[in-house]
Each structure stands twice: as structure tokens, then as C-alpha cells.
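Here is a quick tour of how two parts of one chain meet. Take a look at the model first, then read on.

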There are 2 protein chains.
Amino acid sequence: MNYEEWYKIEKLAKSWTLEAAQLLKDSFQNSLSITYKSHISDLVTNMDKNIEKFFIEKIQKTFPHHKVLGEEGYGDEIYDNAGIIWIIDPIDGTTNFIHQQSNFAISVGIYEDGIGKIGIIYDVAADDFYFAKVGEGAFLNNSKLNTLEKVTLTEAVVGINATWVGPNKRVNHENVQNIVKQSRGTRSYGSAAIELAFVAAGKIDAYMTMRLSPWDFAAGLILLNEVGGVVTKTNGEPISILEQNSILAAKPGLHEEMLEHLSK
Amino acid sequence: MNYEEWYKIEKLAKSWTLEAAQLLKDSFQNSLSITYKSHISDLVTNMDKNIEKFFIEKIQKTFPHHKVLGEEGYGDEIYDNAGIIWIIDPIDGTTNFIHQQSNFAISVGIYEDGIGKIGIIYDVAADDFYFAKVGEGAFLNNSKLNTLEKVTLTEAVVGINATWVGPNKRVNHENVQNIVKQSRGTRSYGSAAIELAFVAAGKIDAYMTMRLSPWDFAAGLILLNEVGGVVTKTNGEPISILEQNSILAAKPGLHEEMLEHLSK
């Protein structure tokens with residue numbers, strides 16, 4: 001595809017994301033009278049579906065040959081990387097949406113033949129719009145993000161959820177405990193998309209988790225690639241875009257150091 | 001002291017906090033040219049000291065009989081609860097200030113004879129101003145906060161740092177792991193003041209940590225008292241305002257349930 005075509009995709013992906021966020025905020029305003037969390041929970045389920053459908057409708061109409069992979073399952077059946085695939089999470093961090101009405105994001109990653117082309121993570125409540133386009137860099141609200149510099153674990157703030165620090169089926173928790181102990185500190189925000197965006201923006205130095213779906217990481221990976229972040233599975237293997245993966249995203253140097261801990 | 005006197009204290013505490021935040025933001029703007037974290041680190045150390053001195057100067061001039069307890073140690077030597085004591089953390093969450101330039105707060109708690117009277121937690125980057133006055137309720141940016149309702153652990157989002165989930169000297173980490181496993185999820189933001197404010201505002205359901213200093217929790221306790229939050233040490237004992245304490249702050253019901261886990 002040529003530059004003009006990608007520019008059109010970029011412009012529309014951005015404006016659809018902002019439109020989707022507005023739908024979300026409007027529906028949320030309406031529901032502020034509902035203070036019961038169970039009702040907000042239903043609202044979220046509906047909004048998840050509606051926003052995914054909103055994207056699919058726009059994409060099918062404008063780019064009939066593109067495919068869509070979404071959390072809610074209204075997209076296409078996708079068997080391989082071929083062509084252009086939009087990978088969408090309408091609301092990443094739904095528990096936060098319900099409990100906090102902040103720290104949730106819309107995540108849109110656009111891939112061509114398996115290569116990340118455009119990534120958008122919109123932290124709606126903070127109004128922080130993260131955007132990356134392959135070869136052109138990553139941005140937070142029009143400020144270009146710096147290339148990530150090497151750090152060591154002892155000077156790093158690591159995004160990791162407490163789940164992985166206790167006994168669990170997916171990782172040797174003693175290795176994780178060693179990472180926690182040696183780091184400067186840990187954080188956990190409850191939205192993988194936001195946590196990957198935070199690594200790209202240098203707000204945290206690494207993020208690791210044992211299980212993410214394509215819509216959780218599709219956009220984050222493109223942001224990270226543009227700023228020199230290193231991303232693999234927690235065993236060092238490359239990530240498959242269309243499957244569930246463990247994720248270790250970190251600054252250079254730190255990635256290697258954490259990988260070493262995790263391989264013990 | 002009479003109502004008018006406390007109204008004066010309230011007004012000044014609020015405006016000094018906003019002035020202090022402005023000093024912080026100004027100094028931070030100046031330093032944005034400095035992108036090296038070690039330099040930001042020096043800046044934070046200086047700002048911590050300057051803001052504490054700023055408060056002390058204002059308080060000593062306006063209320064010469066009040067005492068001040070601050071993290072940086074420029075305040076008074078305080079041996080008992082008698083009289084009016086301002087307990088101040090100029091920047092709570094300094095690592096976040098350095099790494100993220102967000103998720104840090106100014107915390108001001110004002111006590112009279114050991115009773116919490118006025119609590120302020122200002123999340124500067126989010127521009128979220130939490131305020132409580134004994135008997136008059138707690139507020140977030142002029143919205144009155146609701147009384148906290150009972151929840152169970154299985155429906156709760158718990159603020160807890162990964163440090164306490166692995167082996168450590170202060171708590172049986174297996175009890176903590178059980179809490180983590182049974183909860184709906186955990187979060188960690190790296191600022192105790194903000195985490196206590198989040199519990200008061202219902203954004204998370206509980207917060208626990210094994211070691212906090214008076215300036216970290218002084219304001220948060222007053223907020224929590226106004227919304228029916230339950231706060232004790234993690235062994236259920238009452239908190240001493242002038243000492244380091246462990247803290248378990250939670251919604252009713254949940255507090256009891258977590259205490260039970262921690263006592264095993």
C-alpha cells in the first residue's frame with residue numbers, strides 16, 4: 001500500500017478512536033445516575049460490544065478488504081497474518097472502568113502481513129492519546145516520545161501484577177519475587193494497554209504479565225517498536241500476533257536482565 | 001477552638017496547598033529541559049525541602065502555637081498529641097514524580113489533641129483535590145464523596161504492593177497471597193496518600209501496607225473517617241498518629257475479612 005493510503009488509514013483510525021471515546025463518555029455520563037456497580041457492569045458489557053461494532057461497521061464500509069480481530073468476537077475469523085488486520089480492544093481495563101471511571105483505554109493496532117503499522121492507545125479519562133506509525137516514531141499527545149535508554153533492574157520501576165508474585169501456574173514465582181526485590185519498585189494499573197504505553201513513554205521501565213490476548217498488546221507493541229523497547233514472551237521467544245502470549249516489555253538492558261531472572 | 005478559627009485554618013491550608021503545588025509545577029517546568037533522571041532526583045530532594053519549609057514558615061507566622069511534623073524534619077520535635085499539629089508530606093510518591101511526573105501528591109493532615117480535623121490530599125498532576133473536615137464529610141473537587149458500602153473480598157479491588165506478596169520481614173506473605181488470590185484484582189500506584197484517597201473515593205476497595213510514616217497517612221485517615229472507611233494496623237490495633245504503623249484501610253466488611261486472613 002502506498003503512503004497516501006496509509007495516511008488515510010491513520011487519519012480515520014485516529015478520528016474513529018476519538019468518536020468511540022466520546023460514545024463511551026456519553027454513555028457513562030448517562031449512567032452516573034446509576035451508582036450501583038452491577039449496573040455499571042452491564043453498561044460496560046454493552047459498551048464493549050457497541051464500540052467494537054462501531055469500529056467494524058466503519059472499517060467494513062471504508063476498507064472492505066481489511067479484517068478485524070476484536071475482544072468481543074464480532075470481527076472476522078482470522079487464520080493467518082495475511083493482509084491488513086485491525087486488532088481492537090474497545091475497553092481495556094474494564095474493572096477500572098467500573099470501579100474508577102479512569103485508567104481504561106481504547107486500543108487499536110493495525111498490521112499488514114504481520115507487520116505492525118499503526119498503533120493507538122487512548123487513555124480516555126486522562127485524555128492521553130498514544131500514537132505510533134511504523135518508521136515515524138511514537139507520540140503522546142503530539143509530543144514525540146524519546147528513544148528508551150538502557151537501565152538496570154535496580155534503577156527500574158516494573159509494572160507487574162501481584163498475581164504473578166505468589167504461586168501460580170504460569171511462572172516460577174520465586175523468579176518473579178527476585179525481580180520485585182531487586183527493582184526500585186513495582187506498579188500495577190489494571191490495564192495492559194496503558195501499562196505498555198507507560199513503558200513506551202518511559203513512565204515505567206518494564207511491564208510483564210503471563211497472559212495477554214492480541215487486542216491487549218497489538219497497539220502497545222507498535223508503540224514500543226518505535227522507541228526501541230524490547231518485547232518478547234517471558235521465555236524470550238517472539239510474540240505471535242494472533243495468539244495469547246506472555247509478555248515481557250522493557251527498556252534495553254533491563255529486558256535481558258529480567259529474562260535472565262525468569263529463565264532460572 | 002471555635003468554628004471561625006477552624007474555617008480560617010481550612011481556607012489557609014487549602015490555599016497553601018495550591019500555592020505549594022504551583023511551586024512544584026513551576027520548578028518542574030523549569031527542569032523539563034533536564035531530562036536526566038538523576039538531575040530530576042536532585043530537584044525532587046530540593047523541592048521536598050522547599051515545600052516543607054514553605055508550609056512551616058506560613059504556619060509559624062499565622063498560627064505560632066501550632067506544631068508541624070514533616071517528612072523532611074524541619075518541623076517541631078513532637079512528643080505527644082497535645083495541641084494542634086500539622087502533619088505534612090510535601091511530595092508523597094517521589095519515585096513517581098521522578099519517573100512519571102504524575103501520581104504524586106501533597107498531603108496535609110491537621111490534628112487537635114490527637115483528633116483528625118482537616119485532611120487534604122492533592123494529586124497534583126491529575127488536579128484531583130481531596131478534602132475532608134471532621135463531621136462535614138469528604139470531597140473530591142467539590143463533589144461530596146459517598147459513604148462507603150460493605151463489600152466482600154471477592155468483589156474487591158485491593159491496593160497492595162508486590163513487596164508484601166513475597167517473603168518479607170513484616171507480614172506472613174502466604175496470608176497476603178490468599179488475599180490477592182481471592183480478590184477481584186490488585187493495584188499499586190506508588191503513593192500511599194493517593195491510595196488512601198482512592199479508598200475514600202471508592203476507586204479501590206482497600207489499601208494495605210506494612211510500613212507508613214505519619215506524613216504518609218495523616219490526611220488519608222481523616223478522609224476515610226468521613227466516609228465510613230475502617231482503618232487500623234494490619235493486626236487490628238488502632239493507629240498511633242505520631243509513629244510508623246502498618247495500615248489496613250478498607251470498606252466495612254472487607255476490613256474484617258482481610259483482618260481475618262492476616263491473623264492466620
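A polar contact here is a pair of N or O atoms within 3.5 Å; within protein, one must be able to donate a hydrogen and the other to accept it, and residues adjacent in sequence count only if both atoms are side-chain atoms. By that rule, nine residue pairs (both at pLDDT 80 or more) are in polar contact across the interface of domain 1 of chain A and domain 2 of chain A.

This is a predicted model, where local features need pLDDT of at least 70 and side-chain atom pairs count only at pLDDT 80 or more, while totals for chains, interfaces and linings use all residues. Residues are numbered from 1 along each chain as its sequence is written, and side-chain values use heavy atoms, with hydrogens and water left out.

So who are the two partners? The bounds, from an automatic or database domain assignment, are in the table, along with the residues each domain brings to the contact (heavy atoms within 4.5 Å).

| Domain of chain A | Bounds | Residues in the contact |
|---|---|---|
| domain 1 | 3–144 | 40 residues |
| domain 2 | 153–262 | 23 residues |

Taken over C-alpha atoms, the centres of the two domains sit 22 Å apart. About 2,200 Å² is buried between them, and carbon and sulfur atoms give 69% of that; buried area is the accessible area (1.4 Å probe) that two parts lose on being put together, summed over both. On the domain 1 side, A:Tyr111, A:Ile121 and A:Tyr130 lose the most area, together 25% of what that side buries.

The interface also has one salt bridge, meaning a side-chain nitrogen of Lys or Arg within 4 Å of a carboxyl oxygen of Asp or Glu.

Key:
Chains lettered and ligands numbered in written order.
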